[in-house]
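Here are a few exercises to work through with the model open in your viewer. Try each task before you read its solution.

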Amino acid sequence: MKKLIALLIIISSVLCLFSCSKSNDLLYESYTIEIEIEEYGVITAVLDAKNAPITVKNFLSLIEEGYYNGIAFHRIIEGFMMQGGDPDGDGISNGDKPTIKGEFSTNGVKNEISHIRGTLSMARTGDPNSASTQFFIMHQNGIHLDGKYAAFGRVTKGIEIVDKICEDAVVTDSNGTVHKDYRPVIKEIRLLTPESEASK
(Lines give C-alpha, C1' and ligand atoms only; values in the text may rest on other atoms or scores of the structure.)
Protein backbone atom coordinates (compact mmCIF):
# COMPACT_ATOMS: atom_id res chain seq x y z
CA MET A 1 0.00 0.00 0.00
CA LYS A 2 2.84 2.39 0.91
CA LYS A 3 4.53 1.62 -2.39
CA LEU A 4 1.31 2.37 -4.27
CA ILE A 5 0.91 5.72 -2.49
CA ALA A 6 4.54 6.59 -3.18
CA LEU A 7 4.09 5.69 -6.84
CA LEU A 8 0.97 7.85 -7.10
CA ILE A 9 2.81 10.79 -5.52
CA ILE A 10 5.65 10.44 -8.03
CA ILE A 11 3.25 10.24 -10.97
CA SER A 12 1.34 13.27 -9.69
CA SER A 13 4.55 15.27 -9.28
CA VAL A 14 5.72 14.41 -12.80
CA LEU A 15 2.37 15.39 -14.30
CA CYS A 16 2.39 18.67 -12.39
CA LEU A 17 5.93 19.41 -13.51
CA PHE A 18 5.00 18.71 -17.12
CA SER A 19 1.87 20.83 -16.87
CA CYS A 20 3.71 23.76 -15.30
CA SER A 21 6.45 23.69 -17.90
CA LYS A 22 3.86 23.70 -20.69
CA SER A 23 1.82 26.56 -19.24
CA ASN A 24 4.76 28.83 -18.52
CA ASP A 25 7.27 28.96 -21.37
CA LEU A 26 9.26 31.83 -19.86
CA LEU A 27 12.04 30.35 -17.77
CA TYR A 28 13.91 33.59 -17.14
CA GLU A 29 13.20 36.99 -15.62
CA SER A 30 14.99 38.85 -18.41
CA TYR A 31 16.21 38.29 -21.95
CA THR A 32 18.85 40.18 -23.91
CA ILE A 33 18.14 41.03 -27.52
CA GLU A 34 19.94 42.86 -30.32
CA ILE A 35 18.09 45.07 -32.78
CA GLU A 36 20.24 45.51 -35.89
CA ILE A 37 19.16 48.47 -38.01
CA GLU A 38 20.45 48.87 -41.55
CA GLU A 39 23.01 51.68 -41.96
CA TYR A 40 22.88 52.50 -38.24
CA GLY A 41 24.14 49.57 -36.18
CA VAL A 42 23.04 47.43 -33.26
CA ILE A 43 20.91 48.39 -30.28
CA THR A 44 21.10 46.03 -27.30
CA ALA A 45 18.13 45.80 -24.95
CA VAL A 46 17.01 43.71 -21.98
CA LEU A 47 13.40 42.51 -21.91
CA ASP A 48 11.76 42.39 -18.47
CA ALA A 49 9.68 39.21 -18.23
CA LYS A 50 9.06 39.79 -14.53
CA ASN A 51 7.01 42.94 -15.10
CA ALA A 52 5.60 42.08 -18.53
CA PRO A 53 5.58 38.29 -19.08
CA ILE A 54 2.78 38.24 -21.67
CA THR A 55 4.37 41.02 -23.71
CA VAL A 56 7.86 39.52 -23.56
CA LYS A 57 6.62 36.06 -24.52
CA ASN A 58 4.80 37.53 -27.51
CA PHE A 59 7.84 39.58 -28.57
CA LEU A 60 10.17 36.59 -28.28
CA SER A 61 7.85 34.45 -30.42
CA LEU A 62 7.90 37.13 -33.12
CA ILE A 63 11.69 37.29 -32.95
CA GLU A 64 11.92 33.52 -33.24
CA GLU A 65 9.92 33.47 -36.47
CA GLY A 66 11.91 36.39 -37.91
CA TYR A 67 8.83 38.58 -38.08
CA TYR A 68 10.64 41.90 -37.60
CA ASN A 69 13.39 41.27 -40.15
CA GLY A 70 12.95 43.77 -42.98
CA ILE A 71 10.29 45.88 -41.24
CA ALA A 72 10.94 49.61 -40.85
CA PHE A 73 10.38 52.22 -38.18
CA HIS A 74 7.48 54.11 -39.74
CA ARG A 75 6.81 56.72 -37.04
CA ILE A 76 9.48 58.85 -35.37
CA ILE A 77 9.06 61.91 -33.18
CA GLU A 78 12.38 63.41 -32.11
CA GLY A 79 12.44 64.02 -28.38
CA PHE A 80 9.72 61.41 -27.87
CA MET A 81 9.99 57.97 -29.49
CA MET A 82 10.52 55.81 -32.59
CA GLN A 83 7.90 53.19 -33.54
CA GLY A 84 8.07 50.11 -35.76
CA GLY A 85 6.68 46.62 -36.24
CA ASP A 86 4.01 47.34 -38.85
CA PRO A 87 4.67 45.32 -42.05
CA ASP A 88 2.56 47.74 -44.10
CA GLY A 89 4.15 50.82 -42.58
CA ASP A 90 0.87 52.65 -42.14
CA GLY A 91 0.58 52.29 -38.37
CA ILE A 92 -2.49 50.09 -38.67
CA SER A 93 -1.34 46.58 -39.56
CA ASN A 94 0.00 43.82 -37.32
CA GLY A 95 0.49 41.21 -40.03
CA ASP A 96 -2.59 39.30 -38.87
CA LYS A 97 -0.86 38.42 -35.61
CA PRO A 98 -3.00 38.00 -32.48
CA THR A 99 -3.44 40.77 -29.95
CA ILE A 100 -2.38 40.41 -26.32
CA LYS A 101 -3.49 41.68 -22.91
CA GLY A 102 -2.14 45.13 -22.10
CA GLU A 103 0.18 44.86 -19.11
CA PHE A 104 -0.24 48.26 -17.43
CA SER A 105 -2.00 49.58 -14.34
CA THR A 106 -5.05 51.17 -15.97
CA ASN A 107 -5.75 47.72 -17.42
CA GLY A 108 -5.46 46.03 -14.02
CA VAL A 109 -1.87 44.81 -14.35
CA LYS A 110 1.02 45.90 -12.15
CA ASN A 111 3.99 47.01 -14.24
CA GLU A 112 6.78 48.98 -12.58
CA ILE A 113 8.72 49.87 -15.74
CA SER A 114 8.68 53.61 -16.39
CA HIS A 115 8.73 55.20 -19.84
CA ILE A 116 12.10 56.85 -19.47
CA ARG A 117 14.74 57.32 -22.18
CA GLY A 118 15.55 53.94 -23.77
CA THR A 119 12.41 52.09 -22.62
CA LEU A 120 10.76 49.63 -25.01
CA SER A 121 6.97 49.62 -24.96
CA MET A 122 4.03 48.34 -27.01
CA ALA A 123 1.96 50.53 -29.30
CA ARG A 124 -1.80 50.03 -29.28
CA THR A 125 -5.13 51.54 -30.30
CA GLY A 126 -7.75 52.83 -27.86
CA ASP A 127 -8.45 49.23 -26.91
CA PRO A 128 -6.19 48.39 -23.93
CA ASN A 129 -5.79 44.83 -25.21
CA SER A 130 -4.95 45.67 -28.82
CA ALA A 131 -1.13 45.49 -28.74
CA SER A 132 0.33 42.92 -31.11
CA THR A 133 3.52 43.54 -33.11
CA GLN A 134 4.11 47.30 -33.06
CA PHE A 135 6.52 48.61 -30.44
CA PHE A 136 8.36 51.82 -29.72
CA ILE A 137 11.62 52.92 -28.14
CA MET A 138 11.61 56.05 -26.03
CA HIS A 139 14.00 58.72 -27.30
CA GLN A 140 13.49 60.85 -24.21
CA ASN A 141 11.48 60.51 -21.00
CA GLY A 142 7.73 60.17 -21.43
CA ILE A 143 6.46 59.19 -17.99
CA HIS A 144 2.95 60.38 -18.89
CA LEU A 145 2.69 57.02 -20.68
CA ASP A 146 3.24 55.08 -17.44
CA GLY A 147 0.24 52.97 -16.54
CA LYS A 148 -1.24 53.38 -20.03
CA TYR A 149 1.14 51.40 -22.24
CA ALA A 150 2.91 48.07 -21.71
CA ALA A 151 6.58 48.86 -21.19
CA PHE A 152 8.60 45.66 -21.40
CA GLY A 153 12.31 46.40 -21.68
CA ARG A 154 15.14 48.91 -21.81
CA VAL A 155 18.05 49.78 -24.08
CA THR A 156 21.34 48.92 -22.41
CA LYS A 157 23.70 49.70 -25.28
CA GLY A 158 23.36 51.77 -28.43
CA ILE A 159 21.13 54.58 -27.23
CA GLU A 160 23.23 56.86 -29.42
CA ILE A 161 21.79 54.96 -32.40
CA VAL A 162 18.29 55.89 -31.24
CA ASP A 163 19.51 59.51 -31.03
CA LYS A 164 20.90 59.40 -34.56
CA ILE A 165 17.77 57.81 -36.05
CA CYS A 166 15.53 60.38 -34.39
CA GLU A 167 17.75 63.25 -35.51
CA ASP A 168 17.85 61.97 -39.11
CA ALA A 169 14.12 61.31 -39.38
CA VAL A 170 12.42 62.82 -42.44
CA VAL A 171 8.79 63.11 -41.36
CA THR A 172 5.80 64.11 -43.44
CA ASP A 173 3.38 65.24 -40.73
CA SER A 174 3.03 66.24 -37.08
CA ASN A 175 2.28 62.62 -36.15
CA GLY A 176 5.83 61.61 -37.02
CA THR A 177 5.06 59.60 -40.15
CA VAL A 178 8.42 58.92 -41.77
CA HIS A 179 8.81 59.43 -45.53
CA LYS A 180 8.74 56.02 -47.20
CA ASP A 181 12.13 56.57 -48.84
CA TYR A 182 13.87 57.31 -45.54
CA ARG A 183 12.56 54.74 -43.10
CA PRO A 184 15.19 52.95 -40.96
CA VAL A 185 14.86 49.21 -41.64
CA ILE A 186 15.29 46.47 -39.05
CA LYS A 187 17.74 44.00 -40.56
CA GLU A 188 17.26 41.53 -37.73
CA ILE A 189 16.20 41.24 -34.11
CA ARG A 190 17.96 38.35 -32.40
CA LEU A 191 17.82 36.78 -28.97
CA LEU A 192 21.02 36.46 -26.98
CA THR A 193 21.59 34.52 -23.73
CA PRO A 194 18.90 35.12 -21.08
CA GLU A 195 20.15 37.23 -18.18
CA SER A 196 18.85 35.34 -15.16
CA GLU A 197 16.73 32.34 -14.27
CA ALA A 198 13.38 33.22 -12.75
CA SER A 199 13.53 30.12 -10.56
CA LYS A 200 16.69 31.27 -8.77
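**Exercise 1: helix H2**

Just after H2, Gly66 has a positive phi of about 75°. Keep in mind that this is a predicted model.

Task: work out why the end-to-end distance of helix H2 agrees with its number of residues.

Solution. Start with the count: H2 covers residues 53-64, which makes 12 residues. Next, take 1.5 Å a residue, with one less than the number of residues as the multiplier. That should give a span of 16 Å, and the end C-alpha atoms are 16 Å apart, so the two agree.

Task: find which residues of H2 are buried, and what they pack against.

Solution. First filter on relative accessible area under 20%. You should be left with Thr55, Val56, Asn58, Phe59, Leu60, Leu62 and Ile63. Then look up the partners of these buried residues: they pack against strands S1 (28-37), S2 (41-48), S5 (119-122), S6 (135-138), S7 (151-157) and S8 (186-191).

**Exercise 2: pockets**

Task: describe the lining of the largest pocket by class.

Solution. Begin with the space itself, about 330 Å³. Now collect the lining: 19 residues, with Gln83, Ala123, Arg124, Thr125 and Gln134 nearest the centre. Sorting that lining gives 8 nonpolar, 9 polar and 2 charged residues.

Task: do the sorting again for the second largest pocket; how many residues of its lining are nonpolar, polar and charged?

Solution. The volume here is about 210 Å³. There are 14 lining residues, and Glu39, Tyr40, Tyr182, Arg183 and Pro184 are the closest to the centre. The tally by class is 9 nonpolar, no polar and 5 charged.

**Exercise 3: enclosed space**

Task: how many cavities of 30 Å³ or more does a search of the whole structure find?

Solution. Rolling a probe the size of a water molecule over the atoms shows where empty space is left. With the 30 Å³ cut-off, the search turns up 1 cavity. The largest cavity has a volume of about 40 Å³. Its lining is made up of Glu103, Phe104, Ser105, Asn111, Ile113, Asp146, Gly147, Tyr149 and Ala151. By class, that is 4 nonpolar, 3 polar and 2 charged residues.

**Exercise 4: confidence**

Task: where does the pLDDT stay under 50, and how many contacts go with it?

Solution. Take the chain as a whole to begin with: the mean pLDDT is 88, and 84% of the residues reach 70 or more. Then scan for dips. Residues 2-24 stay under 50, with 0 contacts beyond four places in sequence. Residues 196-200 are also below 50, but that stretch has 10 contacts beyond near neighbours in sequence.

Conventions:
Residues numbered from 1 in each chain as written. Predicted model: local features only at pLDDT ≥ 70, side-chain atom pairs only at ≥ 80, totals over all residues. Heavy atoms only, no water. 1 Å grid on protein atoms, 1.4 Å probe; cavity = no way out; pocket = protein on both sides within 12 Å on 5 of 7 lines; lining within 4 Å. Points joined across faces, edges and corners; volume = space filled by probe spheres on them. Nonpolar A, V, L, I, M, F, W, Y, C, P; charged D, E, K, R; others polar. pLDDT = per-residue confidence, 0-100. Contact = heavy atoms within 4.5 Å. Helix = DSSP H or I, 4+ residues; strand = E, 2+ residues; numbered from the N terminus. Buried < 20%, exposed > 50% of the residue type's maximum accessible area, 1.4 Å probe, protein only.
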